[in-house]
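Subject: Structure for you to look at

Hello,

Here is the structure I said I would pass on. My notes on it follow below.

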Amino acid sequence: NTSGVIYLTFDDGPSTYTYQILNTLAKYNIKATFFVTKAGSDDAILKEYQQGHTVALHTYTHDWNIYQSVATYLDDLNKVANRVKSITGVDAKYVRFPGGSSNQKIYYRSNNTITIYDLINALNERGYKYFDWNVSVEDAGGCAYVSSKSACVLNNFKKYLRSNQENIVLMHDIKSYTAAALEDMIIYGINNHYTFKAIDDNTTPVHFR
Ligand code: ZN
């Protein structure tokens with residue numbers, strides 16, 4: 001039964017704000033999931049791992065050119081996988097596509113011959129599981145363009161959470177206002193009887209397609 005569960009997931013980091021997020025999570029003894037890139041310090045990834053969070057793979061470069069071919073995608077993924085392995089000693093098992101698996105960027109390229117299904121098959125063959133999301137706080141979208149950014153993030157979190165489902169929440173730990181909003185998000189979740197979990201093998205992946 002995964003209803004009323006919140007999976008906080010952070011993409012595009014680590015960054016300097018990751019430490020603030022880790023401190024807030026530790027204060028409430030909540031575990032989360034970080035889909036990391038080549039950005040930020042190795043130390044931040046090590047702390048994510050040591051503090052019991054799930055370290056997962058997003059992309060090394062976050063450049064849309066990774067979608068040129070299966071080979072270019074896997075080359076990029078292997079680079080971030082190697083980074084995580086060298087820091088934590090562990091093979092990461094979970095992946096999030098830049099843009100998600102409904103990513104239209106893959107189709108915008110006139111010179112590519114692949115679809116997202118080719119990449120999904122490549123991940124499956126290698127034993128990876130991929131995760132999209134069903135709650136977005138829009139911290140890289142609409143909330144980036146308003147004056148009260150943290151309030152916008154918090155409002156979207158409250159608006160899109162559903163108590164009768166497993167909520168996989170997309171956020172970005174490269175955003176100061178997301179780090180600033182996190183404690184109020186956690187308090188809201190606790191007060192409304194949600195359970196917070198990190199992604200593991202028992203998590204049912206959310207897939208756009
Ligand atoms: Zn991203």
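Tyrosine 67 is a good place to begin: with 0% relative accessibility it counts as buried. Please keep in mind that this is a predicted model.

Aromatic rings

Tyrosine 67 pairs with tryptophan 64, and the two rings are stacked, at 6.2 Å centre to centre and 15° between the planes. Unlike its buried partner, tryptophan 64 is partly exposed, at a relative accessible area of 30%.

Another pair joins tyrosine 73 and phenylalanine 97; their ring centres are 5.6 Å apart and the planes meet at 40°, so this pair is classed as tilted. It connects distant parts of the chain, 24 residues apart: tyrosine 73 belongs to helix α3, and phenylalanine 97 to the loop between β4 (94-95) and α4 (105-108). Tyrosine 73 is buried at 1% relative accessible area, and phenylalanine 97 is buried at 0%.

Ring pairs join Trp64, Tyr67, Tyr73, Phe97 and Tyr130 into a cluster. The structure as a whole holds eight aromatic pairs.

Zinc site

Which protein atoms are the donors of the zinc ion? They are OD of Asp12, NE2 of His58 and NE2 of His62, lying 2.1 Å from the ion. Along the chain the donors have the spacing D-x45-H-x3-H. Aspartate 12 sits in the loop between β1 (5-11) and α1 (17-27), and histidine 62 in the loop between β3 (54-57) and α3 (70-88), so this pair ties together parts 50 residues apart in sequence. Aspartate 12 has 16% relative accessibility and counts as buried, whereas histidine 62, with a relative accessible area of 28%, is partly exposed.

Strand β7

Strand β7 covers residues 166-172, and seven of its seven residues are buried. Side chains in a regular strand alternate between the two faces of the sheet. In β7, Glu166, Ile168, Leu170 and His172 point one way, while Asn167, Val169 and Met171 point the other way; all are buried.

β7 has parallel pairings with β1, over seven bridges, and with β6 (residues 135-136), over two bridges. In the pairing with β1, leucine 8 has valine 169 of β7 as its bridge partner. For serine 136, the bridge partner in β7 is leucine 170. Between β6 and β7 the chain passes through helix α6 (residues 149-160), and this β-α-β crossover is right-handed.

Regards

Note on methods. Residues are numbered from 1 along each chain as its sequence is written. This is a predicted model: local features need pLDDT of at least 70, side-chain atom pairs count only at pLDDT 80 or more; totals for chains, interfaces and linings use all residues. Side-chain values use heavy atoms; hydrogens and water are left out. Donors are N, O and S atoms within 2.8 Å of the metal (3.2 Å for Na, K and Ca); water is not among the atoms, so sites may look incomplete. Helices (H or I, at least four residues) and strands (E, at least two) are DSSP runs, numbered from the N terminus. Buried means under 20% relative accessible area, exposed over 50%, partly exposed in between (1.4 Å probe, protein chains only). Rings of Phe, Tyr and Trp (its six-membered ring) pair if their centres lie within 6.5 Å; planes under 30 degrees apart count as stacked, over 60 as edge-to-face and the rest as tilted. Two strands pair if DSSP finds at least two bridges between them. A crossover is right-handed if, with the strands pointing away from the viewer, the path from the first strand over the helix to the second runs clockwise.
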